[in-house]
Amino acid sequence: MHSAAEPVTRATDSVSRFLAEPRTMFIGGHWVGALSGRSFASIDPATGTVLTTVPDGDAADIDRAVQAARHAFDDPGWRRMSPMERGALLNRVADVVEAHADELALLESRDNGKPVSVARAVDVGTSVKLFRYFAGWPSKLEGSTIPVSPRGGLRVLNYTTRQPVGVAGLIVPWNFPVSMACWKLAPALATGCTVVLKPAEETPLSTLRLAELLQEAGVPDGVVNVVTGRGATAGAALAAHDGVDKIAFTGSTETGRAIVRAAAGNLKKVSLELGGKSPNIVLPDADPQAVAEAAAQAVFFNQGQVCTAGSRLYVHRKIFDEVLDAVAERARGIVVGPGSDPATEMGPLVSARHHERVSGYIAAGREQGARLAAGGRRPDLDAPYDGGYFVQPTVFVAPDDGLRIVQEEIFGPVLAAMSWDDVDDLVERANDSPFGLSAGIWTSDLGHAHRIADELQAGTVWINCYNLTDPASPFGGFKQSGWGREMGRTVLDHYTEVKSVWVNLS
């Protein structure tokens, strides 16, 4: 018999071996260093110490990865793989990822800082679901026959086919490293594209381990290539490369604009999943205690490092004080610590730079007159975690909507709570943002909820729930929160081209 601790022990041993030596990049089925010979450190955000080093790839490394991806795309073995074979391959990937779930979760926690339980359930669990869902699509990418009316009475057959767009450049963020990679990898592979993947420089490790697992599952050499490097060098080079046919990017709106400018050279297809400043709306008939728990989860989940974080809490004046007190109490009770501790509910922020950014917003909230209801400082932790990038869950009461903590995306565990009286004014305030990624509504009147949801400028609206996603459901934003959608049937349009074929039957 095997004890329950054995899988955890095996995962710990595997991660220790993985971190014991400098990592390399994955190009054309081979593990290689950067052509420049440069590398940089991957940091444990719980302690501020070095986990390992990874290659500091640049434009030259991106170029050889693109060439490898192009060679694989043109290879008959990949191009002529039947839909059922491609689906079976994606299912094998899901099986292998699932078999290494504990290891991937622990590695994700070490590199990103999040609790292992969150990494296991959300990051790795989502990755498995994505490959299983998209494994069903290769055999269903259908064209159509079209009843056309050509000139001169010709008898014509007109039909369409869907073909892979080509080489896809995937640039993923650091908040959900492995699952964001799989958000893009699964549909790209399902449609027959080949890939150059650039993970975030803060969190490259789980993606490198994923590349090993893809190879183990039988993904052909060159179909998936992983180049580690910095956004300003490797990321920019990937976006600008003329050998890339499509860019999929998740990250900040500012970087998204730079991606669009870089991609203009060869007019490659671009999809963007960008920032958010999501309103979480509470109507007077909602249950204050239930809403408070949900509102805290909506903004403090994953250390607040979520593009959909419900960071603007609008509560009807009738129940505002009750909800605020309950949210603040929940914030004060959240256990902050290293992700490896099973008791931890909220880990450190991802990096020293990001900790400084979030701390700057907390200071700005104070300076602009917001009332601090909970948190607002670094928690007291014993060594070695006293050097980690921790911040307390923070709740402000904002006097108006003009404060920076209300208008700007913080990407940290900082909530701005505000009251409202008139629903029409509320909707106007909720929509008064350059972002439009998501929103939440809490009420027992579903008819009212549907009417408000229809008026909100957001790509996703959750009613009496929050932060739910599924591979079958499209995800993306309005306004400056992005272009296009991830997941669901819709995302396949980003990785395919439609070809119209005309046949003269006269």
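This report walks through selected features of a predicted model.

## The annotated residue

Start with E273. The UniProt annotation "active site" covers E273, and the entry behind the annotation is unreviewed. The annotation may be inferred rather than shown by experiment.

Where does E273 lie? E273 sits in strand β11, which spans residues 269–273. The relative accessible area of E273 is 3%. The cut-off for buried is under 20%, so E273 counts as buried.

## A three-stranded sheet

One open sheet has 3 strands. Their order is β5-β6-β22, and the pairing is antiparallel. In general, the strands of a sheet pair through backbone hydrogen bonds.

Two strands form the edges: β5 (145–146) and β22 (496–504). Each of these edge strands pairs on one side only. Between β5 and β6 there are 2 bridges, and the two strands run antiparallel. Within this pairing, T145 stands opposite Y159 in β6.

## The second largest pocket

Strand β6 also helps to line a pocket. This is the second largest pocket, with a volume of about 300 Å³. Its lining has 15 residues. Closest to the pocket centre are R79, R86, R162, P164 and T191.

Which elements give two or more residues to the lining? They are α3 (76–79), α4 (83–99) and β6 (156–164). Of the elements, β6 gives the most, with 3 residues. By type, the lining divides into 7 nonpolar, 5 polar and 3 charged residues.

## Backbone points to check

The peptide bond from A383 to P384 is cis. Its omega is near 5 degrees. P384 lies in a loop, with β14 (371–374) on one side and β15 (394–397) on the other.

Two further residues have a positive phi without being glycine: Q303 and N464. For Q303, phi is about 60 degrees. Q303 belongs to the loop between α11 (288–300) and β13 (312–316). For N464, phi is near 60 degrees. The loop that holds N464 runs between β19 (460–463) and β20 (478–479).

Are these two residues buried or exposed? Q303 has a relative accessible area of 1%, so Q303 is buried. N464 has a relative accessibility of 34%, so N464 counts as partly exposed.

## Cysteines without disulfides

How many disulfides does the structure hold? The count is 0. As background, a disulfide is a covalent bond between the sulfur atoms of two cysteines. The cut-off used for the sulfur pair is within 2.5 Å.

C193 is one cysteine in no disulfide. The nearest cysteine sulfur to C193 is that of C182, 16 Å away. C193 has 0% relative accessibility, so C193 counts as buried.

C465 is also in no disulfide. Here the nearest cysteine sulfur is that of C307, 16 Å away. C465 has 23% relative accessibility, so C465 counts as partly exposed.

## In brief

Keep a few points in view. E273 carries the "active site" annotation from the unreviewed UniProt entry, and E273 is buried. Strand β6 takes part in the β5-β6-β22 sheet. Strand β6 also gives 3 residues to the lining of the second largest pocket. The bond from A383 to P384 is cis. The structure holds 0 disulfides.

Methods:
Residues numbered from 1 in each chain as written. Predicted model: local features only at pLDDT ≥ 70, side-chain atom pairs only at ≥ 80, totals over all residues. Heavy atoms only, no water. Helix = DSSP H or I, 4+ residues; strand = E, 2+ residues; numbered from the N terminus. Buried < 20%, exposed > 50% of the residue type's maximum accessible area, 1.4 Å probe, protein only. 1 Å grid on protein atoms, 1.4 Å probe; cavity = no way out; pocket = protein on both sides within 12 Å on 5 of 7 lines; lining within 4 Å. Points joined across faces, edges and corners; volume = space filled by probe spheres on them. Nonpolar A, V, L, I, M, F, W, Y, C, P; charged D, E, K, R; others polar. Pairing = 2+ DSSP bridges.
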